[in-house]
Amino acid sequence: MPSELIGIGKLEPFEGAFTKLKKGWMEEETVPPPVKAKMPHSNKVCDSLRDAIIRSNPKDGMTVSFHHHLRGGDNLVFEAIKILAELGIKDITLAASSLTTAHDPILPYFKDGTITQIYASGIRGELGKALAQGVMPKPFVIHSHGGRVRSVHTGKIKIDLAILAASSSDIEGNATGAHGPSAFGSMGYAAIDSWYAKQVIVVTDNIVDYPCVPQSVTQNYIDYVVKVDSIGDPSKIAGGTTRITKAPMDLQIARLAAQVIEHSGELEDGFSFQVGAGGASLAVAKYIRKIMKQRTIKGSFILGGVTSYGVDMLNEGLFRSIFDVQSFDAAVSTSLMDNPYHIEIPAGLYANPFNCGCMTNKLDIVVLGALEIDTNFNVNVITGSEGYVRGASGGHSDTASGANLTVVVCPSFRGRIPIVKEKVHTIVTPGESIDVLVTERGICVNPQRKELKQNLEKAGIVTKDIVDLAKEVELITGKAKPIEILDRIVGVVEYRDGTVIDVIHQVKE
Amino acid sequence: MLYIPGNNPAMLQQGSVYGADGLLLDLEDAVALNQKDAARTLVSHMLKYISYEGCEVTVRVNHIDTPFGLEDLKQIVPLQPNAIRLPKVETLDEIERIINVIEQIEDECGLPHDVMNVHVMIETALGVQNVYDIAKYSSRIDAISIGGQDLAADMQLVKANDGVGIDYARKQIVMAAKACKIDVFDTVYVDVENEDGLREEAEYIKKLGFTGKAIINPRQIEVVNEVFTPTDLEIRKAAKIVKAFERNKAEGIGVFAVDGKMVDAPVVQRALRVLEMADVDVESL
Amino acid sequence: MKLITKAQAGSFESSDVLIMVEPVVEGAGRIIELKSIVMQQFGDDLLKQINDGLDFYEINDVRLIINDKGALPPTISARLETALKRAAQLQTGTLK
């Protein structure tokens, strides 16, 4: 890893998950949030997004930020970038909390110099492929959800203009995602942008009478308000409820993971819990729900990305509360509105390592996925088997470092591609914060966690050495040739504390 | 016992990971007529390559009188899976003929006759009538099973799924198996989405005396295992009986009481069977 | 093995491979068109396995069109064997 990269500056190498935290404070200086002023009874409402952007006085080299709460239905990023490009703005740094395949349409702006750098917790689809192929002059930065908040505090991400979608807003910019025709739930990732951006535009398809309640972002931070016909594809923004997978393999892995959790010693009254939004990870909740009912265990809180399945568990009295930084389906919005114990939280409270205690620090059990995991338990959730960027760091490393029990669930191989292997292509979450891996072909406990291994063995759960599992997988799939890469670094992966845990090289085509 | 279509590589390579006790790699009904050759070859290669550790592997071949049956046996018997499952066996002559073919193939390959087991499927009215004679024909036959769908068709039943029409056959087949002291497996439950229906049927056939049940989707494993795995309460009760039996045996007492209920030899046998199914050692309880 | 007719085996399903066999004139050599979703990781292994298979059946002149969806080695072997035997009319199957 080089000590410096053009477009980023000095790189501080990762030196352990808690090396920086245990000092008790952050050494980097923080930047103050901007201070603005408005005359009484002035009007924030703009005729169009274009009008609002022009009034924000965009400049070359600016940083524009977005949240990803519209999920796969987001059209705002494209609309905004298109306007900026039409205005001739160049050299934009795009600081979106995450980029999905819904953002594929902005690819042309990577090529014409409109966007020259990306900060995001995840990048997928055509964008991730193009970035790995070296389309952009400056290296992109992958951060965690908690890490993004830190980067805004330190001015590493200096937001000139935040464009925040809301499903409802009043004319002063008190806005929420909890109701309206395009309701998407929590606006947790948008809060920090509203506080720190030099200018903030709230974009909504639903203006409500003043005041808009609840206030996920508040008027004292909002410069402009725009009513548009559509913030995106409502069926993808607010698509129904999340169903538990029916894929036998995911269910089998989830079943095994639930057994591990049951006998880990962590599943006790008052425990806190987080699972992913789909696949095997969400399916674990199904089995945990059953075990909680059988053993009449009552949990403290559900954290994180929240699905209707979590809401069901809250309503059944299995948990006392939900802390919701991001909602994954439409059914969640109603609960967020109606249930006082379903609480919207900003990303900093969720996962920023540099404060007096984010909520991931209070997690007992988290279940996470992986694109790859190596024999040191290091996890890749960002690059796919071709070396393209096709995933998200998200809250992976944040929750893994905080939780007492971090369970990674994944198949041991997909198609013919080994998932459990000697070396991952990109490290996002360090192995030291992973406690146990559950695959369909075996359960592997991190050798550092001797007590966990004993607890599982006492319950008759057979475990396997991860090195043996990797060998077993290789016997089935054959030895995969590593991804061919060039010397050029196209992106860096930041650990949540701001150090660089890995770099991403351009792939050789 | 999980059925896996013989021409489906994805399912063949993952079959052993779902927690089924046995796998039924199927060359018969789950394979289209024009893919019989492909399935046979695929299953042969998979058997050589994939370790199905922890699972009994049984291959269901086509009936010997179809154009595929003999070739199936020629390719599969030399690989000696745990068992071969023979569909639609109806008469004593037929089972005699098939086992002769199997043993001839084994002789040609220099293989013993007492390693690979034979499972017989009863799927016709004639088969039900002859089941005891068929089952006792050879000591290699270690299990029989009922094929509910085909039997219902053979019986010209219009509505088959409620199990009323095949109820007699189920009982007859269980009785034959018990008389021969071999395992007996129930037919599949085709409505994968209906977990409650599956549970009800599994509980019923357990009461009839079946050893287990064939399933067609890994999602059905959990329910069937739950039904067939003794509960903690059953295990503790069984352990109590067995322990009391051993104490009393030492003193020469054959009939005694546990929790106010009479215990004699058959009760002890059933308790031992519970512990065996639960795979627990009485001393550990 | 002598190839008589066009034939194929396998499917486009995940973890399967579709292999099409076409007899060619003697001396034309082995014309292998290989497409795989795991080309980068296993392309060389796949070609070697196919060539070893052709060696085993003593086939030097053939055109093979292979579309691999991440099949494991036993599936590759099985589909090749089936396709070749069908092309040699040693067994019947289908040419869809």
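Tutor: Before we start, one term: contact means heavy atoms within 4.5 Å. Keep in mind too that this is a predicted model.

Student: Which residues does A:Ile118 touch, not counting residues up to four places away in sequence?

Tutor: Let's leave aside the residues up to four places away in sequence. The residues that A:Ile118 then touches are A:Leu94, A:Leu99, A:Phe110, A:Ile123, A:Leu131, A:Met136, A:Phe140 and A:Val141.

Student: How many residues has the largest nonpolar core?

Tutor: A:Ile118 is a good way in, as A:Ile118, A:Ile163 and B:Ile144 have the most contacts inside this core. Apart from it lies another core of 22 residues, among them C:Val62, C:Ile76, C:Leu80 and C:Ala88. The number of residues in the largest nonpolar core is 230.

Student: How many residues of strand E6 of chain A are buried?

Tutor: Strand E6 of chain A covers residues 115-120. This strand is mostly covered, and the count of its buried residues is six of six.

Student: Which residue stands opposite A:Ile118 of E6(A)?

Tutor: Look to strand E5 of chain A, residues 92-96, which runs parallel to E6(A). Four bridges join these two strands. The residue that stands opposite A:Ile118 is A:Leu94.

Student: And in E8(A), what is the bridge partner of A:Ala120?

Tutor: Strand E8 of chain A spans residues 140-142 and runs parallel to E6(A). Two bridges join the pair. In E8(A), the partner of A:Ala120 is A:Ile142.

Student: Which residues in helix H11 of chain A are buried?

Tutor: Find residues 330-338 of chain A, which form helix H11. What covers its buried residues includes strand E15 (299-306), helix H10 (308-315), strand E16 (319-327) and strand E17 (342-344) of chain A. An α-helix has 3.6 residues a turn, so residues three or four places apart point the same way. The buried residues in H11(A) are A:Val332, A:Ser333, A:Ser335 and A:Leu336.

Student: Let's step back to whole chains. What is the radius of gyration of chain A?

Tutor: Chain A has 15 helices and 29 strands. For its 509 residues the globule rule gives 23 Å, and the value for chain A is close to that, so chain A is as compact as a globular protein of that length. Its radius of gyration is 22 Å.

Student: How much of chain A counts as buried?

Tutor: Along the principal axes, the C-alpha atoms of chain A fill a box of roughly 70 × 55 × 45 Å. Chain A exposes about 19,200 Å², with 51% of it supplied by carbon and sulfur atoms. Of its 509 residues, the share that counts as buried is 61%.

Student: In what order do the elements of chain C run from the N terminus on?

Tutor: Chain C has two helices and four strands. Write α for each helix and β for each strand, and from the N terminus on the order is β-β-β-α-β-α.

Student: What radius of gyration does chain C have?

Tutor: The C-alpha trace of chain C spans about 35 × 25 × 20 Å along its principal axes. Buried residues make up 52% of its 96 residues. A compact globule with 96 residues would have a radius of gyration near 12 Å, and chain C agrees, because its own value is 12 Å.

Student: How much area do chain C and chain B bury between them?

Tutor: Chain C brings 18 residues to this contact and chain B brings 14 residues. C:Leu72, C:Pro74 and C:Arg79 supply 32% of the area that chain C buries against chain B, more than any other three residues. Carbon and sulfur atoms account for 51% of the total, which is about 1,400 Å².

Student: Which three residues supply 58% of the area that chain A buries against chain C?

Tutor: Here 16 residues of chain A are in contact with 12 residues of chain C. The area buried between the two chains is about 1,100 Å². The three residues of chain A that supply 58% of its share, more than any other three, are A:Arg416, A:Ile417 and A:Lys481.

Student: One last residue: is B:Phe256 buried or exposed?

Tutor: B:Phe256 is found in strand E9 (residues 256-258) of chain B. Among the residues it touches are B:Ile241, B:Ala244 and B:Phe245. Buried means under 20% relative accessible area. B:Phe256 has 10% relative accessibility, so this residue counts as buried.

Key
Residues numbered from 1 in each chain as written. Chains lettered and ligands numbered in written order. Predicted model: local features only at pLDDT ≥ 70, side-chain atom pairs only at ≥ 80, totals over all residues. Heavy atoms only, no water. Buried < 20%, exposed > 50% of the residue type's maximum accessible area, 1.4 Å probe, protein only. Pairing = 2+ DSSP bridges. Core = buried A, V, L, I, M, F, W, Y, C linked by side-chain atoms within 4.5 Å. Rg over C-alpha atoms; globule rule 2.2 N^0.38 Å. Buried area = accessible area lost by both parts, 1.4 Å probe. Areas by Shrake-Rupley, 256 points an atom, 1.4 Å probe, with all protein chains shown as cover.
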